[in-house]
Amino acid sequence: MKGATETDERLQTRIGWWISGLVNNLAYSLMLSAAEDLLEGSGLATGVVLLCDIMPTLIIKITAPFYMQRLSYAVRVCIVVASALIGFQLAGWCDSVALKLLGVIFCSISAGAGEITFLAYSSYFNRAAISAWSSGTGMAGLGASGCYALLTIGLDISPKTAILSLCWLPLLEAAMYFRVIERRTELPSALSSRSLLSSTASPLDSPNAIDVGTAVSAIEAESTDSDDLMVMEMVADTRPAVTQTMPLSESVGSRAAHWYATSPSASPSSFISSLSLKERVSLVKPLLWRYMAPLFLVYLCEYTINSGVGPVTYWLCDGCLSPRDAFVVYN
């Protein structure tokens, strides 16, 4: 009976994470699909909506790691939901293009802050949480554009009514966080792994060294929780050769290893908050060419096609779809 209950709780948590990811990116994607309707009669290109949808999110994602930890998760979720609700109301009710674009900006703020919040909160769970969240965000693009196309083309509902009919969806994100996803305030820890690392670590002012490679392997072998792996990944990613013995004082990675060994009851966020701006930037460098640059190129090409190339080729659909309907379906 206990095993069945735990299974149900895990399933409930995964469903909560999936829906949270879906709803978090839904408003963001919906505004892109509704771009032509939002700018109708203004003479502006749909790229303006894309710019308003991208820039706030980009700014938040770049800057949030330096200040977001000062707010509790509950406060962050409330900000995310409130921003999305305001964005829907502005985009749906206002006739002014400027105010509609302001609504797009609020939806962008919601999406960016939501990603930062829920990705950080996922460190309290095993890797199934981030997998469910990622699957939900991936479905958001198809769900938002498909739903908008169904309402405005299939059911012939006005764009204003279609947007307003979906304005309640951000409340689902709050419901998932406060009612469905298991609330956690402490990070689980692999105490045996910490003990093993403690036995191999030396005091910070000691000339002795630590075999970081052995420590990382031990943690990875005994823990599947992302909080236990997060700081240890710093150890691995901030040194070119983690399998070699190195002095503890040489890098942020070795400092993380020492902290992990000597602070068994502390959370990774307490170590991260102690890092200087320069040290935090140094943690980004190993990720730049491996992940960030390729992803940047992918999204640059995607949005260039969606809002740059696509709108000038819709005349090919003449006879089966209007240019406006073709834009919605294409997105």
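Buried means under 20% relative accessible area, exposed over 50%, and partly exposed in between (1.4 Å probe, protein chains only). The model is predicted, so local features need pLDDT of at least 70 and side-chain atom pairs count only at pLDDT 80 or more, while totals for chains, interfaces and linings use all residues. Residues are numbered from 1 along each chain as its sequence is written, and side-chain values use heavy atoms, with hydrogens and water left out.

**Exercise 1.** State where T137 lies, whether T137 is buried or exposed, and which residues T137 contacts.

Solution.
- Step 1: T137 belongs to helix 6 (residues 127–154); helices (H or I, at least four residues) and strands (E, at least two) are DSSP runs, numbered from the N terminus.
- Step 2: The relative accessibility of T137 is 18%, so T137 counts as buried.
- Step 3: Contact means heavy atoms within 4.5 Å. With neighbours within four places in sequence left aside, T137 touches G21, L22 and N25.

**Exercise 2.** Find how many salt bridges there are, and describe the parts that K61 and E115 tie together.

Solution.
- Step 1: A salt bridge is a side-chain nitrogen of Lys or Arg within 4 Å of a carboxyl oxygen of Asp or Glu. The count is 1 salt bridge.
- Step 2: K61 and E115 form a salt bridge through their side chains, at 2.8 Å from N to O.
- Step 3: K61 is in helix 3 (residues 47–63) and E115 in helix 5 (residues 97–121), so the pair links parts 54 residues apart in sequence.
- Step 4: K61 is partly exposed at 34% relative accessible area, whereas E115 is buried at 18%.

**Exercise 3.** Find how many disulfides there are, and decide whether C52 and C94 are buried or exposed.

Solution.
- Step 1: A disulfide is a pair of cysteine sulfur atoms within 2.5 Å. The count is 0 disulfides.
- Step 2: C52 is buried, at 14% relative accessible area.
- Step 3: C94 is also buried, at 17% relative accessibility.

**Exercise 4.** Take residues 41–61 and 73–91 from the UniProt list of "transmembrane region" and give the helix content of each.

Solution.
- Step 1: The unreviewed UniProt entry lists both spans under "transmembrane region"; such annotations may be inferred rather than shown by experiment.
- Step 2: Residues 41–61 are 71% helix and 0% strand, with end C-alpha atoms 33 Å apart.
- Step 3: Residues 73–91 are 100% helix and 0% strand, with end C-alpha atoms 27 Å apart.
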